[in-house]
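Hi there,

Here is the structure I promised to pass on to you. Please open it beside this message and follow along as you read.

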Amino acid sequence: MFSRQFNVPNANNKQPLQADRIPDTCPVCHCAVMPVETGCDYWNGNTAEAIFRCPRVTCSKFFVARFNIMNGVALLQQCVPMTPRSTAFAKLIQDVSPTFVKIYGQAEAAESQTLNEIAGVGYRRALEFLIKDYLIAHYEDEKSQQEIRGLFLGRCIEKYVKNDSLKLVAKRAVWLGNDETHYVRLWEGKDIKDLKNVIALTVSWIEMELRTLELQRDMPEAK
Ligand SMILES: [Zn+2]
């Protein structure tokens, strides 16, 4: 907690306001930084804004930190503009489900603009493509592939995922993902971060399984 001076309407001098923190990451280059204070700020009622600049020479971009005032304290809410940051997935994952990578990137772009309701639905949709594309690549017979395409994701995992650890994490990813799309939220206290964490775990297990299969194909028998 520290005190910061803000310009306020109809006042000659800046007024001190307690703030919980200043930004510690540049929203443009996403590096951890101690941003440069420009002294350009404004406090009006329940909101305040301050302009900072990224100190990195290669970035040097200005950005606005937005605060909400609660009980006399300025709580940092967001920094804008936020450059979408997209997760880099392993080539194996990109190959097995390019649609997952595409939708996940779009969900991240929505989230970076604080469109969390849409981002959550996007992550859930990305998850469906990841698991179904992975299973369709795994089961080569047409009948299984048809069923995988049509089944609800939860039932699809139950029936077709054989790796117990993958099954455990994928089911939980679906539970949290469904909360992003359904009217009633069942997992109170869990949010989009938890969903992303469990999707990341699902990606890791799929990747491990694909790498193991690759090794098995490369070295099928003892010599
Ligand atoms: Zn920067």
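Below is what I found in it, going from the overall layout to single residues.

**The overall layout**

Please keep in mind that this is a predicted model. The protein is divided into domain 1, residues 2-80, and domain 2, residues 91-218. If you take the C-alpha centre of each of these two domains, the centres lie 37 Å apart. Another distance that you can look up on screen runs from Cys59 to Glu209: their C-alpha atoms are separated by 39 Å, with these positions 150 residues apart along the chain.

**The zinc site**

Which residues hold the zinc ion? The protein donors are Cys26, Cys29, Cys54 and Cys59, each through its SG atom, at 2.3 to 2.4 Å from the zinc ion. Along the chain, these donors follow the spacing C-x2-C-x24-C-x4-C. The angles among the four donor atoms are 104 to 115°, and the site is tetrahedral.

Two of these cysteines are good places to practise reading accessibility. Cys54 has a relative accessible area of 0%, so it is buried. Cys59 is at 9%, which also counts as buried because the cut-off for buried is under 20%. You will find Cys59 in the loop between strand E4 (47-53) and strand E5 (62-70). Leaving out residues up to four places away in sequence, Cys59 touches Cys26, Val28, Cys29 and Cys54.

**A buried aspartate**

Next, have a look at Asp41, which sits in strand E3, residues 36-44. Is Asp41 buried or exposed? Its relative accessibility is 7%, so Asp41 counts as buried. Its side chain reaches the backbone nitrogen of Asn7 at 3.0 Å. The side chain of Asp41 also makes a polar contact with the side chain of Lys14, at 3.2 Å. If you set aside neighbours within four places in sequence, the residues in contact with Asp41 are Arg4, Gln5, Phe6, Asn7, Lys14, Glu49 and Ala50.

**Backbone features worth a look**

Three spots in the backbone caught my eye. The peptide bond from Val80 to Pro81 is cis, with omega near -5°. Pro81 belongs to the loop between strand E6 (73-80) and helix H1 (91-96).

Asn71 is not a glycine, yet it has a positive phi of about 50°. This residue lies in the loop between E5 and E6, and with a relative accessible area of 80% it is exposed.

Thr114 is not a glycine either, and its phi is positive too, at about 55°. Look for Thr114 in the loop between helix H2 (98-112) and H3. Its relative accessible area is 46%, which makes Thr114 partly exposed.

**Helix H5 and its buried side**

Now move on to helix H5, residues 153-160, where Leu153, Cys156, Ile157 and Tyr160 are buried. Why are these residues on the same side of H5? They cover an arc of only 100° around the axis, so they share one side of the helix. The general rule behind such a pattern is that an α-helix has 3.6 residues a turn, so residues three or four places apart point the same way. What do the buried residues of H5 pack against? Their partners are helix H3 (116-138), helix H4 (142-150) and helix H6 (164-181).

**A buried lysine**

Finally, find Lys132 in helix H3. At 8% relative accessibility, Lys132 counts as buried. Which backbone atom lies 3.1 Å from a polar atom of the Lys132 side chain? It is the backbone oxygen of Arg149. The C-alpha atoms of Lys132 and Ile148 are separated by 6.4 Å, and these two residues are 16 apart along the chain. Apart from neighbours within four places in sequence, Lys132 is in contact with Ile148, Arg149, Gly150, Leu151, Leu153 and Cys156. Two of these contacts, Leu153 and Cys156, are among the buried residues of H5 that you met above.

Enjoy exploring, and write back with any questions.

Best wishes

Key: Residues are numbered from 1 along each chain as its sequence is written. This is a predicted model: local features need pLDDT of at least 70, side-chain atom pairs count only at pLDDT 80 or more; totals for chains, interfaces and linings use all residues. Side-chain values use heavy atoms; hydrogens and water are left out. Donors are N, O and S atoms within 2.8 Å of the metal (3.2 Å for Na, K and Ca); water is not among the atoms, so sites may look incomplete. Four donors count as tetrahedral if all angles lie between 85 and 135 degrees; four count as square planar and six as octahedral if opposite donors are over 155 degrees apart and all others between 65 and 115; anything else is irregular. Buried means under 20% relative accessible area, exposed over 50%, partly exposed in between (1.4 Å probe, protein chains only). Domain bounds come from an automatic or database domain assignment. Helices (H or I, at least four residues) and strands (E, at least two) are DSSP runs, numbered from the N terminus. Contact means heavy atoms within 4.5 Å. A polar contact is a pair of N or O atoms within 3.5 Å; within protein, one must be able to donate a hydrogen and the other to accept it, and residues adjacent in sequence count only if both atoms are side-chain atoms. The arc is that of the directions from the helix axis to the C-beta atoms.
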